[in-house]
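Here are a few exercises to work through with the model open beside you. Try each task before reading its solution.

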Amino acid sequence: MTTIIYNKKNTEQLQNQTKDWLGYMSFSHYLVIDLPLNRRHYDFKKATKYLKTIVKRFEKELIGRHWNKHPVHFLGIAESGDHHIWHWNLLLEASKYTNTELQNAVTSTTNYMNLDIKTMDLQPINTTKEVLNGYVVKELQANKTFHIDSDRIFTSKTLFNL
């Protein structure tokens, strides 16, 4: 990932357009993945590689062996925060699963991978779309020619090349 010098006006426009775009989608759950201390990375590619491992295990625990044929669809946005350590906000469309099934998959993933219990935080979406969408796009930024760091936005299909 390259460093981009951001433009405030274009960043606001990008965030507003992304919030509008998300408003047309339907998500049932919000999953935050924050890598454990021994796996945290400043390097985006290394951190994303570990993210894939965690999400793949979560999908296997929830769906089973052939999870990639019927994955949970999600939209993810990567954030690095003030400390520049990567974490992810995933908006899941998992309405066909109960909260218990989803939470059991989180617990099984955490146990199987020997992760800290704070690594995965799953919540049903109970807040208004505007509040949640505003939260997940807060770090998206654009430069003066409206170039963005598009690697920060991904879907289940793009993460796993499905």
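**Exercise 1. Aromatic pairs**

Find how many aromatic pairs the whole structure holds, and classify the pair formed by F44 and W86.

*Solution.* This is a predicted model, and a search through all of it turns up 3 aromatic pairs. Start with F44 and W86: their ring centres are 4.7 Å apart and their planes stand at 70 degrees. Planes over 60 degrees apart count as edge-to-face, so that is the class of this pair. Next, place the partners: F44 belongs to helix α2, while W86 sits in the loop between β2 and β3, so the pair ties together parts 42 residues apart in sequence. Finally, check the accessibility: F44 and W86 are both buried.

Now do likewise for W67 and F160.

*Solution.* The ring centres of W67 and F160 lie 5.0 Å apart with the planes at 70 degrees, so this pair is edge-to-face. W67 is in the loop between α2 and β2 and F160 is in helix α5, so parts 93 residues apart in sequence are tied together. Buried means under 20% relative accessible area; W67 has 5% and F160 has 14%, so both qualify as buried.

**Exercise 2. The two sides of a helix**

Check the span of α3, then work out which of its residues are buried and which are exposed.

*Solution.* First, the span: at 1.5 Å a residue, the 14 residues of α3 should cover 20 Å, and the end C-alpha atoms are indeed 20 Å apart. Second, the buried residues of α3 include L102, A105, V106, T109 and T110. They take up an arc of only 130 degrees around the axis, which puts them on the same side of α3. Third, turn to the other side of α3, where T100, N111 and Y112 are exposed. Last, look at what covers the buried residues: β1, α2 and β4 are among the elements that do so.

One more detail: just after α3, N114 has a positive phi of about 55 degrees. As for Y112, the charged end of R57 sits over its ring, 3.7 Å from the centre.

**Exercise 3. The nonpolar core**

Determine how many residues the largest nonpolar core has and which element gives the most to it.

*Solution.* The largest nonpolar core has 31 residues, and I33, I54, V55, W88, L90 and L92 have the most contacts inside it. Elements supplying at least two residues each include β1, β3 and α5. The greatest contribution comes from α2, with 8 residues. Zoom in on V55: leaving aside residues up to four places away in sequence, V55 touches I33, F74, L90, L159 and F160.

Definitions and conventions. Residues are numbered from 1 along each chain as its sequence is written. This is a predicted model: local features need pLDDT of at least 70, side-chain atom pairs count only at pLDDT 80 or more; totals for chains, interfaces and linings use all residues. Side-chain values use heavy atoms; hydrogens and water are left out. A nonpolar core is a set of buried Ala, Val, Leu, Ile, Met, Phe, Trp, Tyr and Cys residues joined through side-chain atoms within 4.5 Å. Buried means under 20% relative accessible area, exposed over 50%, partly exposed in between (1.4 Å probe, protein chains only). Helices (H or I, at least four residues) and strands (E, at least two) are DSSP runs, numbered from the N terminus. Contact means heavy atoms within 4.5 Å. The expected span of a helix is 1.5 Å times one less than its number of residues. The arc is that of the directions from the helix axis to the C-beta atoms. Rings of Phe, Tyr and Trp (its six-membered ring) pair if their centres lie within 6.5 Å; planes under 30 degrees apart count as stacked, over 60 as edge-to-face and the rest as tilted. A charge sits over a ring if NZ of Lys or CZ of Arg is within 6 Å of the ring centre and within 35 degrees of the ring normal.
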